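Reader: I have a model open and would like to talk through how it is put together. Could you take me through it step by step?

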Amino acid sequence: RLVESGGGLVQAGGSQRLSCVASERTVTSYCMGWFRPAPGQVREFVASISWNGRATYYADSVKGRFTISRDNVREELYLQMNSLEPEDTAVYYCAASAIGWTTDMADFGSWGQGTQVTVSS
């Protein structure tokens, strides 16, 4: 089970840090990712990180502004979001893939309930 937190209202140009905690099952060997809805898609791939943190992937729309990281001791995943834009407004979902490293959204089988981020202009 994955539980996200850290969402809220922030002004454009500001920062927000999202967290995701895994409970009931260890995810230390799992690839983890962040997703959000996008026009014409069910969800957009925002960022992912390999099980050991050595590989990361970012969507072009967030590259240079967002940073994904993880703490395998705490079983937590983070998304540091800087220079936020109104277009970043969305529900952000945390997900886990049993594959240690993947950038294919179809590989992610465990999902959280999401946390709302609203960026005001």
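Author: Before we start, a word on contact, which here means heavy atoms within 4.5 Å. Please also keep in mind that this is a predicted model.

Reader: Fine, so with that cut-off, which residues does Tyr92 touch?

Author: Leaving aside residues up to four places away in sequence, Tyr92 touches Glu4, Leu18, Trp34, Phe35, Arg36, Val46, Phe66, Leu79, Met81, Gly114, Thr115 and Val117.

Reader: And which residues touch the most other members in the largest nonpolar core?

Author: That core has 27 residues, and those that touch the most other members are Met32, Trp34, Leu79 and Tyr92. At least two residues each are supplied by S3, strand S4 (31-38), strand S5 (41-49), S7, S8, S9 and strand S11 (115-120), and the largest share, four residues, comes from S9.

Reader: What does the second core include?

Author: The second core is separate and has five residues, including Cys31, Phe45, Ala95 and Phe108.

Reader: Switching to cysteines, how many disulfides are there, and which residues are joined?

Author: The structure holds one disulfide, and it joins Cys20 to Cys94 with an S to S distance of 2.0 Å. Cys20 lies in strand S3 and Cys94 in strand S9 (residues 90-97), so the pair ties together parts that are 74 residues apart in sequence.

Reader: Is that disulfide left-handed or right-handed, and why?

Author: The torsion about the S-S bond of Cys20 and Cys94 is about -70°, so the disulfide is left-handed. Both Cys20 and Cys94 are buried.

Reader: Then what about Cys31, where is the nearest cysteine sulfur?

Author: Cys31 is in no disulfide, and the nearest cysteine sulfur, which belongs to Cys94, is 11 Å away. Cys31 has 0% relative accessibility and therefore counts as buried.

Reader: Now the sheet with S1 in it: what is the strand order?

Author: It is an open sheet of four strands, ordered S1-S3-S8-S7, and the pairing is antiparallel. Strand S1 (2-5) and strand S7 (66-71) stand at the edges with a single partner strand each, so one side of each has no neighbour in the sheet. On average, and ignoring direction, neighbouring strands of this sheet are turned by 15° against each other.

Reader: How many bridges link S3 and S8, and which residue is the partner of Ser19?

Author: Strand S3 (residues 16-22) and strand S8 (residues 76-81) pair over six bridges in the antiparallel sense, and the bridge partner of Ser19 in S8 is Tyr78.

Terms used: Residues numbered from 1 in each chain as written. Predicted model: local features only at pLDDT ≥ 70, side-chain atom pairs only at ≥ 80, totals over all residues. Heavy atoms only, no water. Pairing = 2+ DSSP bridges. Axes fitted to C-alpha atoms, helices over the stretch in contact; angles between N-to-C directions. Disulfide = S-S within 2.5 Å. Buried < 20%, exposed > 50% of the residue type's maximum accessible area, 1.4 Å probe, protein only. Core = buried A, V, L, I, M, F, W, Y, C linked by side-chain atoms within 4.5 Å.
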